[in-house]
Amino acid sequence: MTKRVTVYVLVVMVLALLLVACIDDGMSTSCPTDDRMSTPCPTDDRMSTPRPTDDRMSTQPPSPASPPEGWPTPRPTDDGMSTARPTAEGTPTRGFLVRAASVEMTFYGETSDLLISGSDASYATARDTSTSSSSSAHYSRLGQKHSTTSGDYSVYRLYFDFDTSSITDTWTVESAVLHLCAKSDASTDDFDVKIYRYDWQEPGATYREANYDGAYGGDATLEGTLLNSSAFAADTYFTLTVATGAISVTGDTKYTVVSGEDVNNSAPASNTNEYISMWMADEELTTKDPKLVVVVSAPATPTPTATNTITPTATNTVTPTATSTPTGTPYPCPIHITSDTTWGPGTVLVGCNVGITSGVTLTLAAGTELRMTNDWMLDVKGKLYAVGTAANPITITHHTMTATGSYDYIFLRGDNSVLDYVNVCYGDGINVADESTITHVKAMSNTHGLYFSGPWVSHVQSSTLQYNDYGMVLWMDALPYITDTNVLSNTVWDVAMYQHESLSTDNCWWGSDPPDEGKVWDFDDEFTLGDVSWAYYASAWISW
């Protein structure tokens, strides 16, 4: 009995020592000094964390991105176009978007779009009462006709749906343009094609009559005339600028397309065709899909005046001391860098958004610790040259908080920045929208480790993406080249794809051998997405 008690006491002492080793002193918020630090301490820092109990391979289509990506891809054959990031259950959530000054988002039509028609010997009845609907056609008729063979009048109305819920609700919609592609023209009498903003109900077949009756007038709002059939051209996009205030940031944006003759209650002449055919959303993976192109912008940053522009001096930086809470001299705000500038070494406090003008370089000296005091962005339209060393890395973090997303993106969208031996933690992560070079970077405990947006060939080598919500996100046909990098233990996905283009990686460690497919959202989960290729993966942790 005495021996057993002694063993219990020893076990308790060992556990206590381990607990003390893992407890953060609550003062410092610097990035982990190596890849093994996290809150809480991981059970095994170099192996992937256990996969969630659900398989995150749900066939439920994305319902926002999805992506943000507007991602520039068609959607599956059910109701699932999306641009938002996926959750752990496999269904993307709303609000996933690059925080840029201005972003163009393309939303392709949902396959729930439909044709509703009415046919009857009475023109009034054909206009007032529907007889059929279809949501699976690649193209559909629009307009009206009269057939002497059947003696019936037929009226055709189209309904289009665009999931725009991925637009962040604090952003401003600057413009919106509807694009519809014409297929063929059967009209003998020309007519106007009218666009109405109308929140028609789904599923279309269930609410067929209500949707047919509400296509124009009542709750429907006229957006304008898309074209007159006299100007018809096959396989050509016709465009109409639509009201920005009607673009939904919480759900779907919907339109109806009707003939002007239908609206005017003007019956076609006997045995006359007054219709054209339009390509529908089921014509996916082509250049004929219906699409809504929206330009959005983030809340404006105050425009600095001449007195706000500063030239950093020695008083702007301090040499780190042994105190547990680093301090530094904050720069006056707002910070608008219009000439080549160097910050550091030492601790630099940032108390507002930082903007770097195109053609201008901000250099962070080795050993610099850049601390954000709030939800600020480092917006690099010029160049960020942050080159540390193994002994004196550069750290970008929050001044006091240790939660993911505590400050905004490091937004690289200018003159091809260079980051080497840089630690980035507790923010939204690094948004790469140019051909930057990233080496020896530890992106840890961020919303995103790396967020690639746009068709740029960026280079990432010998880095670590760990403990983020998302290790990597690819959007808008980004083309990063990833080699010799550790990507593991990210909470939601190690990689989330929101684009057609695939991702090739070489000699990366994914936390297990072989890599866990369940940690990646790509072609295997959604057939319109690019694939993540890891044919040549590392079998163990990559030290650098």
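**A tour of salt bridges and paired strands**

Begin by selecting Asp262 and Arg157, whose side chains meet in a salt bridge with an N to O distance of 2.8 Å. The model on the screen is a predicted one. Now colour the chain by secondary structure and locate the two partners: Asp262 belongs to helix H4, whereas Arg157 belongs to strand E5 (residues 153-163). The two residues are 105 residues apart, and the pair thus links distant parts of the chain.

Is Asp262 buried or exposed? Asp262 has a relative accessible area of 0% and is therefore buried, since buried means under 20%. Arg157, at 2% relative accessibility, also counts as buried.

Keep Asp262 selected and add Arg127. The side chains of these two residues meet in a salt bridge as well, at 3.2 Å from N to O. Arg127 lies in helix H2 (residues 123-128) and Asp262 in helix H4 (residues 260-263), so this pair ties together parts of the chain that are 135 residues apart in sequence. Arg127 is buried, as is Asp262.

Next, move to Arg413 and Asp379. These residues form a salt bridge in which the closest N and O atoms are 2.8 Å apart. Arg413 is found in the loop between strand E23 (410-412) and strand E24 (418-425), while Asp379 is in strand E20 (residues 378-380), so the pair ties together parts that are 34 residues apart in sequence. Arg413 counts as partly exposed because its relative accessibility is 22%. Asp379, by contrast, counts as buried at 15% relative accessibility.

Before leaving the charged residues, display Arg127, Arg157 and Asp262 together. Salt bridges that share partners join these three residues into one network. In total, the count for the model comes to five salt bridges.

The second part of the tour concerns strands. Select strand E34 (residues 503-506) and show its side chains. Which residues form the covered face of strand E34? The covered face consists of Leu503 and Thr505, and the uncovered face consists of Ser504 and Asp506.

Now add the strands that pair with E34. Strand E31 (residues 481-483) pairs with E34 in the parallel sense, over two bridges. To find a point of contact in this pairing, select Ile482, which stands opposite Thr505 in E34. Then select strand E36 (residues 532-536), which runs parallel to E34 and is joined to it by three bridges. Finish at Asp506, which stands opposite Tyr536 in E36.

Key:
Residues are numbered from 1 along each chain as its sequence is written. This is a predicted model: local features need pLDDT of at least 70, side-chain atom pairs count only at pLDDT 80 or more; totals for chains, interfaces and linings use all residues. Side-chain values use heavy atoms; hydrogens and water are left out. A salt bridge is a side-chain nitrogen of Lys or Arg within 4 Å of a carboxyl oxygen of Asp or Glu. Helices (H or I, at least four residues) and strands (E, at least two) are DSSP runs, numbered from the N terminus. Buried means under 20% relative accessible area, exposed over 50%, partly exposed in between (1.4 Å probe, protein chains only). Two strands pair if DSSP finds at least two bridges between them.
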